[in-house]
Amino acid sequence: MIVIYTDGACRGNPGPGGWGVVMSSGGKHKTLKGFEPETTNNRMELAAAIEGLRALKRACQIELNTDSKYVMQGINEWMPNWKRNGWKTAARKPVKNVDLWQQLDDEVSRHEIQWRWVKGHSGVAGNEQADQLANEAIDEALTK
């Protein structure tokens, strides 16, 4: 079982953004982070989940923790209907961030995932570290 915590951050919405991932399994730990110069918080939340799953080279059993209700609702409620409707919403409008939702869908299909929502900024160590990584990615990019 691999435990993953993901988080996204954005300074302004839209604005410069970052994502962070904390992964652990069997006493081993790995962190990832990335930056986008002009993005939204929701895109960074999606990017964190995508990049965490993409980093795994083989199919795995995963517990993926996110503080994003957008990601949780998308995965658990909206995505099946979007796919059935040709990536359109119930109102027949194009799904926002469809490029990232489709990438996430591809990554999810490779794994067995238990999705868990955690309250952000509530002292959950993995979530706090993922948040720190996302903000470090922004800080590092903006000070270059």
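## A walk around the model

Start by selecting helix α2 (residues 69–84) and helix α3 (residues 98–108): they pack at an angle of about 90°, with 11 Å between their axes. Helices here are DSSP runs of H or I with at least four residues, strands are runs of E with at least two, and both are numbered from the N terminus. The axes are lines fitted to C-alpha atoms, for helices over the stretch in contact, and angles run from 0 to 180 degrees between N-to-C directions. Angles under 35 degrees count as roughly parallel, over 145 as roughly antiparallel, 65 to 115 as roughly perpendicular, and the rest as oblique. So α2 and α3 are roughly perpendicular to each other.

Before going on, a word about what is on your screen: this is a predicted model, in which local features need pLDDT of at least 70 and side-chain atom pairs count only at pLDDT 80 or more, while totals for chains, interfaces and linings use all residues. Residues are numbered from 1 along each chain as its sequence is written, and side-chain values use heavy atoms, with hydrogens and water left out.

**Stop 1: where the helices meet**

Which residues of α2 meet α3? Show the side chains of Tyr70, Val71, Gly74, Ile75, Met79, Trp82 and Lys83 in α2, then add Trp101, Leu104, Asp105 and Val108 in α3. Contact means heavy atoms within 4.5 Å. Sorted by class, this contact has eight nonpolar, one polar and two charged residues. For the classes, Ala, Val, Leu, Ile, Met, Phe, Trp, Tyr, Cys and Pro count as nonpolar, Asp, Glu, Lys and Arg as charged, and the others, Gly among them, as polar.

Now pick out Gly74 in helix α2. Is Gly74 buried or exposed? Gly74 is buried, at 0% relative accessibility. Here buried means under 20% relative accessible area, exposed means over 50%, and partly exposed is in between (1.4 Å probe, protein chains only). Setting aside residues up to four places away in sequence, Gly74 touches Met79, Trp82 and Trp101. For a long view across the model, draw a line from Gly74 to Thr143: their C-alpha atoms are 34 Å apart, with the two positions 69 residues apart along the chain.

Stay in helix α2 and select Trp78. Trp78 is partly exposed, with a relative accessible area of 28%. Beyond its neighbours within four places in sequence, Trp78 is in contact with Tyr70 and Gln73.

**Stop 2: the loop between α2 and α3**

Next, follow the chain to Arg92, in the loop between α2 and α3. Arg92 has a phi near 65°, a positive value in a residue other than glycine. Arg92 is also exposed, at a relative accessible area of 56%.

Lys96 sits in the loop between α2 and α3 too. Lys96 is exposed, with a relative accessible area of 69%. Not counting residues up to four places away in sequence, Lys96 touches Tyr70 and Trp101.

Then click on Asn97, again in the loop between α2 and α3. Asn97 has a positive phi, near 60°, in a residue other than glycine. Asn97 counts as buried, at 17% relative accessibility. What does Asn97 contact, leaving aside neighbours within four places in sequence? Light up Asn42, Arg43, Leu46 and Tyr70. The C-alpha atoms of Asn97 and Arg43 are separated by 6.8 Å, though the two are 54 residues apart along the chain.

**Stop 3: a cis peptide bond**

Jump to the loop between β1 (2–10) and β2, where you will find Pro14. The peptide bond from Asn13 to Pro14 is cis, with omega near 20°.

**Stop 4: the largest pocket**

Finish at the largest pocket, with a volume of about 250 Å³. Of the 14 residues lining the largest pocket, Ile2, Met23, Ser24, Ser25 and Leu56 are the closest to its centre. A pocket is an open set of points on a 1 Å grid over the protein atoms alone, where a 1.4 Å probe fits, with protein on both sides within 12 Å along at least five of seven lines; lining residues have an atom within 4 Å of a point. Grid points are joined across faces, edges and corners, and the volume is the space filled by probe spheres set on the points.

Colour β2 (15–25) and β3 (28–39), since each supplies at least two residues of the lining of the largest pocket. The lining of the largest pocket divides into six nonpolar, four polar and four charged residues.
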